[in-house]
Amino acid sequence: MRIVKYPHPTLRYKSKPLLRVDSELKKMIHQMLDLMYANEGIGLAANQVDLPYRVIVMNIKSDQNAKEEEHAFINPVIVQRKGRMEEKEEGCLSLPEISAPVKRPQKIVLNAYNLAGQEVTWELEGLHARVVQHECDHLDGILFIDRLSPANLLAVKQALHDMEAAFSGERQRGIIPDDQLIAARLSELETART
Ligand SMILES: [Zn+2]
């Protein structure tokens, strides 16, 4: 398992809900958590590790000893967005070196399944609400750069171009498969679990 970087096509994939929580899924989720901690992230979505599943993990302390902050949300659905809009700086492990302010509602109500397969409703605010909104966007193929103001997007444009150039370089060297191969693999993984 590895983190894919912008503009990898899996980051634009809209995933379908999972049908079951089993030991294989739990293993994937633990690998996602390990990767998130290894990269000092506070959230990670399944598309970012090249998986077409609706799963996100979060720990706003980015500390694996802070278990009270460690969450895995399976089939997360934001059922309500409330509170005022708040603009805060965001980054993303799939867009390293870029950060920019993003406006999002300050509070959300989240419905999701946990690792025990139980449905849970969470009321989240502040950074928790922001991370969950950012990660749920990933599951719909949306990146935080899609939510920037024109001026803020302009400010990161060059960095995005550089990432696009690095990506095509990796493709030419055969490190990243072509779009058809990626799509075929995602479709196979999707059929197995959604
Ligand atoms: Zn992200």
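Here is a walk through this protein chain, from its overall build to its core and one of its helices.

Keep in mind that this is a predicted model. Let's start with the big picture. The chain has 4 helices and 5 strands, and if you follow it from the N terminus, the elements come in the order α-β-β-β-β-β-α-α-α. Along its principal axes, the C-alpha trace spans about 45 × 40 × 30 Å. Is that what you'd expect for a compact globule? What radius of gyration should 194 residues give, and what does the chain have? A compact globule of that length would come out near 16 Å, and the chain has 16 Å, so the two agree. Of the 194 residues, 30% count as buried. Look at contacts between residues with a separation of 6 or more, and 64% of them join residues 24 or more positions apart.

Now for the strands. β3 (residues 71–90) and β4 (residues 100–113) run antiparallel, joined by 12 bridges. To find your place on this pair, look for I78, which stands opposite L110 in β4. β4 also pairs with β5 (residues 119–125), again in the antiparallel sense, over 7 bridges. Here I108 stands opposite L124 in β5. β4 and β5 form a hairpin with 5 residues between them, and in that turn G117 has a positive phi of about 80°.

Next, the inside. The largest nonpolar core has 27 residues, and V55, I56, V57 and V132 touch the most other members. Several elements chip in with at least two residues each: α1 (23–38), β1 (43–45), β2 (55–58), β3, β4 and α2 (126–139). Of these, α2 gives the most, with 5 residues. You can get a feel for this by zooming in on I56. Leaving aside neighbours within four places in sequence, I56 is in contact with G43, L44, A45, F73, P76, E135, C136 and L139. There's also a second, separate core of 8 residues, which includes L11, C92, I98 and A100.

Finally, turn to helix α3 (residues 150–172), which is hardly covered: of its 23 residues, the count of buried ones is 0. How far should a helix like this reach? At 1.5 Å a residue, α3 should span 33 Å, and its end C-alpha atoms are 31 Å apart, so the expectation and the model agree. α3 does have a kink of about 45°, centred on V156. After α3 comes G174, whose phi is positive, near 80°.

Notes: Residues numbered from 1 in each chain as written. Predicted model: local features only at pLDDT ≥ 70, side-chain atom pairs only at ≥ 80, totals over all residues. Pairing = 2+ DSSP bridges. Core = buried A, V, L, I, M, F, W, Y, C linked by C-beta atoms within 7 Å. Buried ≥ 20, exposed ≤ 12 C-beta atoms within 10 Å, placed from the backbone. Contact = placed C-beta atoms within 7 Å. Expected span 1.5 Å × (residues − 1). Bend = angle between axes of the 7 residues up to and from the residue. Rg over C-alpha atoms; globule rule 2.2 N^0.38 Å.
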